Amino acid sequence: MTLSRRSMLWLLGGIGLAPLAASGCGPGQLPGSAGGDQVDTVGRVAFDRPLAIPPLAPSSHDGQGRRVFDLTAQTGRRQFLAGRTTPTWGLNGDYLGPTLRARRGEQVLVNVHNTLPETTTLHWHGMHLPASADGGPHQPIAPGQTWSPSWRIDQPAATLWYHPHPHGQTERHVYRGLAGMFILDDDQEAALALPRRYGIDDIPVVVQDKRFGGDGRLAEGEHLATGLLGDTLLVNGTLGPYLKLTTQHVRLRLLNASSARVYNFGLADDRRFALIASDGGLLPAAYQTDRIQLSPGERAEIVVTIKPGEQAVLRSFPPTLGTSRQMTSIAGGQDAFDVLQLRAASTLARSAPPPERLVPVPRLEPARAATTRQFRLAGRQINGKKMDMRRIDEVVTKDTTEIWEVTNQHTQPHSFHVHDVQFQILSIGGAAPSPPLAGWKDAVYLPPRVPVRIIMRFADYADPDHPYMYHCHLLFHEDQGMMGQFVVVEPGQQPGAADGGYNHSHNH
Ligand code: C2O
Ligand code: CU
Ligand code: CU
């Protein structure tokens, strides 16, 4: 066989009509063995490099008591593969960015300086904040410029993240390496017996799939129907990572920072772990499970228990996409990857298992909803419209609760992400969500033809002139226009005219 499955699909133009090809062996992967014919590829790695831990971003306090961070977007190069140099982008470094960390109640200010040769933005994914600070496509940072948004952290402890959002360019900017975690702390989380020593028993796990060309460059032009799909995993920018552990319990903050790939994480020996948090914070109770599936942009926090001297492997198993067999194969739904090897020291510090009860998560009441809106995803459109920077699609009144019913009417996988809010899932195909999907969420996977009802409250911030985004978080789809804009206004207020993203000369 001379062509890998993916290059074949790529040659067919990524239009979603490619025939089911035989399993392939691209660089960095071995032929599948586990799981028989259900698994197309198993990315096996040697686990010979220590997992890089993104540094905690230093911060200072300004005269107004704000916690100030500085981020510089820059070009770089990195040897991911022995002997091959990859041109990259990063924040305060060659690849990825530092972990920002702040506490509920704090006012933060981030100076984002762009030294890249092109305009970018930096979006705070999962953050409740004013639209002008959101970092979406309407807050461009031109080369040489600095953007300095400031807002008050006012939401539960959570694992959030940041990434660029320039319209039409998001996938490429993230793929080159612009992304990082933003961890929020609060008193409720601090009162629980959970591992929380960063880099020791509380570990960021930023998972991304890449495809490297023979020259070491990232192959950023190879789009399938769902976007860039890689054959090689990086965790925090490390290929083939292992992590030495010194405690019985380790908290992994899993972030799918990939363009299009859906992961289904579990331990290779199928042991159970405690799922403690979803996108927007802790669950009401720890949930014992052996798998957690994350589509692009989604996060989960899990606590894994290990024994002295043990080696355990975090793996991604074939995810459940709900698509046809052919589309599932195209979308990587039959792929498995080894992700991270956990190496326990021969003696481990005793620690308490995670508590069963975590935090109260008040349920939003459907009876209180002011409106129900419908969102139908098909082609590269939402409700029959492609993203237009100058069009406001939805106008929401501040301090109201709404239900949004979102349906993927396509044969391809899609997802749905809403800026500014954390939502709760009311139902998926009419059924109540399973415990992993019953907590705070800001992104949700949409299997074809299954209506997903979500509920959320648009509190605190109204701004008729600056929209927030909602979109499919498969970054290629988002870039192609599967995105819409909403403004939050005071009762009775009219929305302003959305600017084109690069000028602010409209009338109020
Ligand atoms: Cu993570 Cu609108 O994005
Ligand atoms: Cu977002
Ligand atoms: Cu999509």
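Which residues coordinate the copper ion (ligand 3)? Select His414, Cys472 and His477: their ND1, SG and ND1 atoms, respectively, coordinate the ion at 1.9 to 2.2 Å. Donors here are N, O and S atoms within 2.8 Å of the metal (3.2 Å for Na, K and Ca), and since water is not among the atoms, sites may look incomplete.

Before going further, note that this is a predicted model, in which local features need pLDDT of at least 70 and side-chain atom pairs count only at pLDDT 80 or more, while totals for chains, interfaces and linings use all residues. Residues are numbered from 1 along each chain as its sequence is written, chains are lettered from A and ligands numbered from 1 in the order in which they are written, and side-chain values use heavy atoms, with hydrogens and water left out.

**Stop 1: the copper sites**

Stay with ligand 3. Its donor residues follow the spacing H-x57-C-x4-H in sequence. His414 belongs to strand β31 and His477 to helix α5 (residues 475–479), so this pair ties together parts that are 63 residues apart in sequence. Helices (H or I, at least four residues) and strands (E, at least two) are DSSP runs, numbered from the N terminus. His414 is buried, at 0% relative accessibility, and His477 is buried at 0% as well. Buried means under 20% relative accessible area, exposed over 50%, and partly exposed in between (1.4 Å probe, protein chains only).

Now select the copper ion (ligand 2). Its protein donors are NE2 of His123 and NE2 of His417, lying 1.9 Å from it. His123 sits in strand β9 (residues 123–125) and His417 in strand β31 (residues 414–418), so the two tie together parts that are 294 residues apart in sequence. His123 has a relative accessible area of 1% and is buried; His417 is buried at 0%.

**Stop 2: an open sheet**

Show β28, β27, β30, β34 and β32. In that order, these 5 strands form an open sheet with mixed pairing. At its edges are β28 (381–382) and β32, each pairing on one side only. Two strands pair if DSSP finds at least two bridges between them. Strand β30 (residues 400–408) runs antiparallel to strand β34 (residues 452–458), with 7 bridges, and Val406 stands opposite Val452 of β34.

For a look at β32 (residues 424–428), pick Ser427. Ser427 is buried, with a relative accessible area of 10%. Beyond residues up to four places away in sequence, Ser427 touches Pro433, Pro451, Val452 and Arg453; contact means heavy atoms within 4.5 Å.

**Stop 3: aromatic rings**

Next, colour the Phe, Tyr and Trp rings. Rings (the six-membered one for Trp) pair if their centres lie within 6.5 Å; planes under 30 degrees apart count as stacked, over 60 as edge-to-face and the rest as tilted. By this rule there are 20 aromatic pairs. Trp151 and Phe182 have ring centres 6.2 Å apart and planes at 50 degrees, so their pair is tilted. Trp404 and Phe486 make an edge-to-face pair, 5.7 Å centre to centre with 85 degrees between the planes. This second pair links strand β30, home of Trp404, to strand β36 (residues 483–489), home of Phe486, across 82 residues. Both Trp404 and Phe486 are buried. Extend the selection to Phe375, Phe416, Phe458, Tyr468 and Tyr470, which ring pairs link with Trp404 and Phe486 into a cluster.

**Stop 4: strand β14 and the cores**

Where do you find a covered strand? Select β14 (residues 202–210), where 9 of 9 residues are buried. β14 pairs in parallel with strand β19 (residues 249–256) over 6 bridges, and Ile203 has Leu252 as its bridge partner in β19. With strand β17 (residues 232–235), β14 pairs in the antiparallel sense over 4 bridges; there, Asp209 is partnered by Leu233.

Leu252 also leads to the largest nonpolar core: of its 31 residues, Leu252, Leu254, Phe265, Ile292 and Val304 touch the most other members. Strand β26 (residues 335–349) gives the most to this core, with 6 residues. A nonpolar core is a set of buried Ala, Val, Leu, Ile, Met, Phe, Trp, Tyr and Cys residues joined through side-chain atoms within 4.5 Å.Centre on Phe265, whose contacts beyond four places in sequence include Val207, Leu254 and Arg291. Finish at Arg291, which lies over the face of Phe317, 3.5 Å from the ring centre; a charge sits over a ring if NZ of Lys or CZ of Arg is within 6 Å of the ring centre and within 35 degrees of the ring normal.
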